[in-house]
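I opened a new page for this structure. My plan was to look up the overall build, then the charges, then a few single residues.

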Amino acid sequence: MAALIMIAFLFLGEQILSLIGKDVNSFAVAGAFVIFFLALEMILGIALFKEDAHEVASIVPLAFPIIAGAGTMTTLLYLRAEYDLINIIIAILINILIFYIILKSSSRLEKILCKQGIKIIRKVFGIILLAIAVKLFATNVGKIVV
């Protein structure tokens, strides 16, 4: 389901943004902030975002905002400007497959990596995510039309 949401946003994202009067660059800068704060959470081990109320979580499956959330949508719009659609769709499908495999084997991976290994991987991927946020911000902030 997350793959369908991402592919739909890939095709409809710009139209949705224009419908509400926002351009892709503004969305990318806003998404860069979201990705930046998610990266800070990963690197520093703190919680900046509050969990949604239980009523909301029961309506929308918990994984969708994580897999196909604001950062993902921003990245998709950014990638659309840089790469061919077929390449992005293939990347989405491969990403979902890898994500599925990792989720299915997460208990085994947790035993193999132990808590320290998970912390290290989380910080490394947090730094990578931080670099993506900085690049996304730097690329789009100058293109915003006021």
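**Overall build**

I began with burial: 25% of the 146 residues in the protein are buried. I noted at once that this is a predicted model. Next I looked up the surface. The protein exposes about 10100 Å², and carbon and sulfur atoms supply 72% of that area.

Then I went through the elements. I found seven helices and zero strands. Read from the N terminus, the order is α-α-α-α-α-α-α.

I also checked how far contacts reach along the chain. I took the contacts with a separation of 6 or more. Of these, 80% join residues 24 or more positions apart.

**The salt bridge**

How many salt bridges does the structure hold? I found one. Glu14 pairs with Arg80, and their closest N and O atoms are 3.8 Å apart. That pair links distant parts of the chain, with the two positions 66 residues apart. Glu14 sits in helix 1 (residues 2–19), while Arg80 sits in helix 5 (residues 70–82).

I looked up the exposure of both partners. Glu14 is partly exposed, at 38% relative accessible area. Arg80 is also partly exposed, at 28%.

**A charge without a bridge**

I turned to Glu41, which belongs to helix 2. Is Glu41 buried or exposed? Glu41 is buried, and it has no salt bridge. I wanted the reason. Side chains of opposite charge can pair when their charged atoms come close. For Glu41, the nearest side chain of opposite charge is Arg122, 5.4 Å away. A salt bridge needs the side-chain nitrogen within 4 Å of the carboxyl oxygen, so this pair does not count as one.

I then listed what Glu41 touches, leaving aside neighbours within four places in sequence. The contacts are Ile46, Ala47, Leu48, Phe49 and Arg122.

**The positive patch**

Arg122 came up again on the surface. Lys115, Lys119, Arg122 and Lys123 gather there in a patch of positive charge. I picked Lys119 for a closer look. Lys119 is placed in helix 7 (residues 106–141). Its relative accessible area is 48%, so I logged Lys119 as partly exposed.

**Cys114**

I stayed in helix 7 for one more entry, as Cys114 lies there too. Cys114 is not a glycine, yet its phi is positive, at about 60°. I also noted that Cys114 is partly exposed, with 42% relative accessibility.

**The start of helix 2**

My last stop was a pair of neighbours. Asn25 is found in helix 2. Ser26 lies in helix 2 as well, which covers residues 24–44.

Which of the two is buried? Asn25 has a relative accessible area of 18%, which is under the 20% limit, so Asn25 is buried. Ser26 has 24% relative accessibility and counts as partly exposed.

I looked up the partners of Asn25, not counting residues up to four places away in sequence. Asn25 touches Asn140, Lys143 and Ile144. Lys143 turned up for Ser26 too. The C-alpha atoms of Ser26 and Lys143 are separated by 8.4 Å, with the two residues 117 apart along the chain.

Key:
Residues are numbered from 1 along each chain as its sequence is written. This is a predicted model: local features need pLDDT of at least 70, side-chain atom pairs count only at pLDDT 80 or more; totals for chains, interfaces and linings use all residues. Side-chain values use heavy atoms; hydrogens and water are left out. Patches are made of residues with over 30% relative accessible area and no salt bridge: like charges are joined within 9 Å, nonpolar side chains (Val, Leu, Ile, Met, Phe, Trp, Tyr) within 5 Å. Accessible areas come from the Shrake-Rupley method with a 1.4 Å probe; for residues, only the protein chains shown count as cover. Lys and Arg count as positive and Asp and Glu as negative; His and the chain ends are not counted. The place of a charge is taken as NZ of Lys, CZ of Arg, CG of Asp or CD of Glu. Helices (H or I, at least four residues) and strands (E, at least two) are DSSP runs, numbered from the N terminus. Buried means under 20% relative accessible area, exposed over 50%, partly exposed in between (1.4 Å probe, protein chains only). Contact means heavy atoms within 4.5 Å.
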